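Okay, thanks for coming, everyone. I have one structure to walk you through today, so let me put it up on the screen.

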Amino acid sequence: MTEAVRAAVDDRLEDALELTAQLVRERSLLGFEEGAQRVVHERLEQLGFTVERVAVDAEEALGNPRAGIPLLPYAGRTNVAGRMRGTTPGAPTLHLSGHTDVVPVEALERWTRDPWGAEIADGRLWGRGAGDMKAGIACYLVAVDVFLSLYGPPTGDLMFTSVIEEECGGNGMRAVLAAGYDGDGTLIAEPHYTHVSHGGVGVIWARLTARGSGKHAAYADQAATTPPIQALVDAVGALRVLEEDLNAAGGDPAFSDAFAHPYNLNLGEVGGGAWPSNVPAEAYLRVRLGFGRDLEPVEAQRILFERVAAAAPTVEVAFEGFRAHGYRHDPDTTLAHLVCAAHADAAGFAIGASLSTATTDARYVAGPTYCYGPQAGDIHGIDEWVDITSMRNVTATMVSVLARWYGQA
Ligand SMILES: [Zn+2]
């Protein structure tokens, strides 16, 4: 890495922090992504990209067994896609991507920082989405800026997309890929700093609903019908057995070799009932289940449905959000080697490729695709943060990756 790169990145660190803060303040929860999308759109135009908005086709998504099942209408919610034409026909192209959607803030009273305040303290920038993954988007954008100023326009096309719905189904990434934003290599700025992530498990979501009489507890005939919350408890018992069955089966050696327990059942959201002395009229539970590449999402859905039906026949099962297939990209490619070598140079320690027990938008990309970005903590949790030194190192790494990928350094 040249001194010029280091100096230029140090010079621009303030810009990366300000851009991250601007994105965090936009509160881009599901359905409210547009403010953050506009920030990325404007920055891409300033950098000289030709920028368009790419809509999600809800009908197409519903009909695709590996697509997300939309949770909300798509009116006014689009993906940002920018392209900078390369100077040399036939030169390799690169796609950089990130998602601006963030997960909800829970237990606000337990946060010690304003989740939307983007406070800088203790070498970190704090807030919902700071780590997952607005700092990553900011670092990639600033790296493109530094690359252009030091090396000029890229030899091959450079694509930059900012997508929605990574956290609930992946239809944003599917839409930009279908619109032609698909490079010879792809990097996604998810917070993987001590490795590049080259694969993830399959994930489905399900909503379990149980209905009851709504009667006074004194008149409830509990023997006749399982009360709704009890029915959900019975369903959870069956799903815990399914979870252990999936982990014990080891049907996908890539994940069972890498992790003791790769497939997690998460009980994510519960509601229903209104009073201790009432049988609830309705109760619901939203769950997430992981699985390996030996199962297609539709097969995982079928198994989950059958297990619930057998243990808790009054519980209705509906599927929503994720229908993510497990995926694994080749960890031994030019792009992976470039990122790892540039990172070692910038950050001073070596990294390699690892798998993850979560999923990312990388599953939809055909060519070599890796997740790499700044060090984050408590993502999806209370007091989420991103480390500022790692932001500098990721930005420097990405300048080198761009220069070498395009043969300009
Ligand atoms: Zn993420």
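I'll go through the domains, then the pocket, then the cavity, and then a few local details.

Before anything else, please keep in mind that this is a predicted model.

Let's begin with how the chain is divided. There's domain 1, which covers 3-200 + 326-405, and there's domain 2, which covers 202-324. If you take the centres over C-alpha atoms, domain 1 and domain 2 are 32 Å apart. As for who touches whom, domain 1 brings 25 residues to the contact and domain 2 brings 20 residues.

People often give the size of an interface as the accessible area that is lost when the parts come together. For our pair, domain 1 and domain 2 bury about 1700 Å² between them. Of that buried area, 60% is on carbon and sulfur atoms.

And how many salt bridges are there between domain 1 and domain 2? The count there is one.

Okay, on to the pocket. The largest pocket comes out at about 1400 Å³. Where does it sit relative to the two domains? It lies between them, because domain 1 and domain 2 both give residues to its lining.

That lining is made of 43 residues, and the ones nearest the centre of the pocket are V103, P104, E167, W205 and H380. If you'd like to find it by strands, look at β9 (202-211), β10 (265-272), β11 (282-291), β12 (316-324) and β14 (353-356), since each of them supplies at least two lining residues. Which element gives the most? That's β10, with four residues. By class, the lining of this pocket has 19 nonpolar residues, plus twelve polar and twelve charged ones.

Now for the cavity. Searching the whole structure for cavities of 30 Å³ or more turns up one, and the space in it is about 30 Å³. Its lining consists of S97, G98, H99, M133, V163, E166, M173, I188, E190 and D361. Strand β3, residues 94-99, is the top contributor here, with three residues. Sorted by class, you get four nonpolar, three polar and three charged residues around that cavity.

Hang on to M133 for a second, as it's on that lining list and it turns up again in the backbone. A cis peptide bond joins D132 and M133, with omega at about 0°. M133 itself is found in helix α4.

There's another backbone detail, this time at D378. Its phi is near 50°, so to speak on the positive side, in a residue other than glycine. You'll find D378 in the loop between β16 (376-377) and β17 (385-387).

Last topic, charges. In general, side chains of opposite charge can pair when their charged atoms come close. Here the total comes to 27 salt bridges. One of them is D145 with R12, where the closest N and O atoms are 2.8 Å apart. That pair links distant parts of the chain: D145 is in helix α4 (residues 130-151) and R12 is in helix α1 (residues 3-25), 133 residues apart. Another one pairs E296 with R66, and there the closest N and O atoms are 2.6 Å apart.

That's my tour, and I'm happy to rotate the model if anyone wants another look.

Key. Residues numbered from 1 in each chain as written. Predicted model: local features only at pLDDT ≥ 70, side-chain atom pairs only at ≥ 80, totals over all residues. Heavy atoms only, no water. 1 Å grid on protein atoms, 1.4 Å probe; cavity = no way out; pocket = protein on both sides within 12 Å on 5 of 7 lines; lining within 4 Å. Points joined across faces, edges and corners; volume = space filled by probe spheres on them. Nonpolar A, V, L, I, M, F, W, Y, C, P; charged D, E, K, R; others polar. Domains from an automatic or database assignment. Contact = heavy atoms within 4.5 Å. Buried area = accessible area lost by both parts, 1.4 Å probe. Salt bridge = Lys/Arg side-chain N within 4 Å of Asp/Glu carboxyl O.
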